[in-house]
Amino acid sequence: MHLRQMAAFIGISYGIMALLPILVGDIPFIMNILVMCLIWAVVASCWDVMMGFAGIFTFGQVAFFVIGAYGSAILAISHNITPVIAIILSGFITAGMGVLVGLPCLRLAGPYVALVTFGVHMALQPLLKGEIGLAIGSGGAAGLLTIPPISLFGYEFTSSNIIPTFYLILLISLACVLAIMFMIKSHWGNAFLALKDSEDFAMSLGISAFKYKLMVFAVTSFLTGIIGGVYGHFYGVLSVRMLDLDLFSILMVMILAGGLGHFPGAVLGSFLVVAGSELMSPLGAYRAVTMGALVVFLVLALPDGVMGIFLKWLNKDDSANPAGSFSNGTIT
Amino acid sequence: MFSEDTVLLLYEMSDVLIAGLSNGSVYALMALGMTLVYGVTKAFNFAYGDFFNMGGYFAWMLIIGLGLQFGGYVTIFIVVLPMLFGVGYAMEKFLISPLRKRADWENRIMMLTLGLALFLTNLYMVVFGVKLKSLPAILDGILEVGEFVFSYQDIMIFCLSLGGILLFGWTLNNTRTGMAVRAVAQNPAGAKIVGINIGRIFAATFAISTVMVGFGGILLSQKLFINPSSGGAIMVKAWVVTAFGGMGSIRGGLVAAFIIGIMEAFVGWIFGMSYGIIALFILLLGTLIIRPQGLMGKGE
Amino acid sequence: MIRVKKLNAYYGQFHVLNDVSISVEKGQVVVILGPNGHGKSTLLKAICGLAEKTTGKICFNDNNIIETSSEKRVNLGITYVAENRELFPHMTVLENLKLGAYAKRARPHEKQNLEMVFDLFPRLAARIKQVASTMSGGEARMLAIARGLMSNAEFLAIDEPSLGLQPSLRTEVFNTIKTINEQGITILLVEQNIPQISELASKVYVLEEGQITFAGSALEATNDEHLKEIFLGM
């Protein structure tokens, strides 16, 4: 996809979002859902970039989200740092974690990265619930209940003044998504795509796949950490239940629905899925089962998601997407 | 000669050793299945742990209907193992092979199997309930040899696992399909030249691995509980064992499984059960840092 | 026996074979000459079902097999012997040969074919238990051809069997191919350089840049000045 098309897509999606409060601004329930859409759009986009663009299968996204959320909350509560600064600091902490995890495992084959990040994810829950967690102020099993909201110049952005808060989060979400877009479309991004097609050529240009992957890892963890922090300060409560594995299936459906590797697709995917998920809540326990089945179905039946359909309709050759440019021959 | 305390300690240690061996033998089944699939088809199956539980749950469903004697278990094996074979075969044929056409097939397969894992985990919770279930032991009671005490259960598990492993090895070396599997693992191009239908071999490989892990599930569910949400943890354990032994190496998987089984038992005995997991992770980290290709690296 | 009509093959976007038509009669030895990278291997692979995208017609005994899978073609009697040999590195000579008889048509004749193969390649008979990855280039070549014979093939497509071999071994390979042909097996051979071509082949094709630029008898080939220089090493 060209930069212009991406920007247009993002612009339109966020534009429509920005106009929705006119219609539903007085229904807090729906406004809350919209905020969730905006937050998950960032997480899903980050994961999509990691998996679909950089080709790294990682379980890190949810872990980084939680680290970002808890990090910011702890800084605000236990150390009295104002939320805005806490969020930014937390972003850097999360990015640091990302680099720490990425350094050893990015050189290894696909499943190893997944294994290590899965381990990080699994280790996070007992860590936060247990003694170490309590020591740093995670609230243990009870979680955190008194996270202060973001305040700028004395104005508090809480769920009571939902509309200004909505717009603030919309701006932050948009900024994150734009950051991702520039990262993909940058000189380095294009170089990385060249790398995927021919390692020798790219090597001769001095581009290292490893360095680029590490950078993507760091940037996506940073952004995920930031939006995690925003989440914490918006909801005011955090608990380790956020680490339940079902979240992965929801995120995957977002990415697949949007189109794996077709970047802005994840934004649309997350909007669709958050809305759809709410509609599905009467299903209760069966919702999680459905999500899992949806993932299987989407991977098989709709490999390029909504963006795939959209791109076919536009009839343009998606040269920016490595998966899309592979022709139909079977690999002999 | 020895003090009474030392003697008691030795007996305790032998208990721990036996427990470790019996667990290790099941881990071996699991690791072999995983390394086989990865070595031959290069697909990674996140739902592996849920297939382990599938074996346990299939057996459990039969037990409600049938009796609990030794004969009961024979029936279970005769019924459940082919079912597992069918599930594995169908999964590779219908869910995974369509994905190989894409350039990013490795990641897509991981996504699909992850979705499947979450589907199965939640399905188990909905269908069987969140409560832990258990299977009765194949053989109750204990065996006393002099002062040593062994539980028949551990012995049976060990023997049956070993039987499974030997059957696996025999199949690979002496049957046409087994040789074809080895051929595909060593050289897919050569396999095609010789007229092997690679798609069918992939499916057979997947099916064999599903049988092995499901069989392990039936065996170990007698000792431990069937926990619907344990699929992820079981998969990770199988993974750690396989990675430690070396992905794609059969000998490595065997050695790693027993080392880890015994190590886990002793760590649990000395420090407490929860530290077993920590020991596993330390082992994994160590492997990744010191020798990422595992004990026996890449090979057949 | 084999009639290729207007075969086109693609490797990704690259058009490797362009409207190629050749024919091989039963019992013949036909040689395809040409520079490297111009499609000779692809042509052989396409006939055996091992090439990527192909359009056109490939007729085996008057049946168009272009849509048939490579496994089925082995069962029809068409076997490929790769330039890279593609042996099973961690298996012994015997195991490699036995796998050569994997196809249904080959299984009932496994024992006879093993004997035949050991007769033809006494060096292999001496090394039954040797692991394939430890064999020398020449021995590996022989094993690859032997394995191909195990499939009870009627038609063998052999890709550069003498590549990288010393002249003495080369002669041996060509003599072996002649013997195989005398037993009734049709052979399509790809080579870069065969001085003995007129003894061995009945027909010669030249493939340059994905197209047939010469088709004729071996005699005509040896009398063609252009060909003599480039391909026949004379």
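**Chatting through chain C and a cavity**

Tutor: Let's start with one pair: C:Tyr10 has C:His15 as its bridge partner in S2(C). Keep in mind that this is a predicted model.

Student: Okay, so how do strand S1 and S2 of chain C pair, parallel or antiparallel?

Tutor: Antiparallel, over seven bridges; S1 covers residues 2-11 of chain C.

Student: And which helix packs on the sheet there?

Tutor: Helix H1 of chain C, residues 40-48. Helix H1 touches S1, S2 and strand S4 (53-60), and its direction makes about 65° with that of S2(C).

Student: What's the strand order in that sheet?

Tutor: S2-S1-S4-S5, all in chain C. It's an open sheet of four strands with antiparallel pairing.

Student: Which ones are the edge strands?

Tutor: Strand S2 (14-24) and strand S5 (63-64) of chain C, each of which pairs on one side only.

Student: New topic: how many cavities of 30 Å³ or more does the structure hold?

Tutor: Five. Let's take the second largest cavity, which has about 60 Å³ of space.

Student: Which residues line that second largest cavity?

Tutor: Residues of chains B and C, including B:Ile193, B:Val194, C:Tyr80, C:Arg85, C:Arg147 and C:Ser151.

Student: Which elements give two or more residues to that lining?

Tutor: Strand S6 (78-81) and helix H6 (137-150), both of chain C.

Student: What's the lining like by class?

Tutor: The lining of the second largest cavity has six nonpolar, four polar and two charged residues.

How values were computed. Residues are numbered from 1 along each chain as its sequence is written. Chains are lettered from A and ligands numbered from 1 in the order in which they are written. This is a predicted model: local features need pLDDT of at least 70, side-chain atom pairs count only at pLDDT 80 or more; totals for chains, interfaces and linings use all residues. Side-chain values use heavy atoms; hydrogens and water are left out. On a 1 Å grid over the protein atoms alone, a cavity is a set of points where a 1.4 Å probe fits but cannot get out, and a pocket is an open set with protein on both sides within 12 Å along at least five of seven lines; lining residues have an atom within 4 Å of a point. Grid points are joined across faces, edges and corners, and a volume is the space filled by probe spheres set on the points. Ala, Val, Leu, Ile, Met, Phe, Trp, Tyr, Cys and Pro count as nonpolar, Asp, Glu, Lys and Arg as charged, and the others, Gly among them, as polar. Two strands pair if DSSP finds at least two bridges between them. Contact means heavy atoms within 4.5 Å. Axes are lines fitted to C-alpha atoms, for helices over the stretch in contact, and angles run from 0 to 180 degrees between N-to-C directions.
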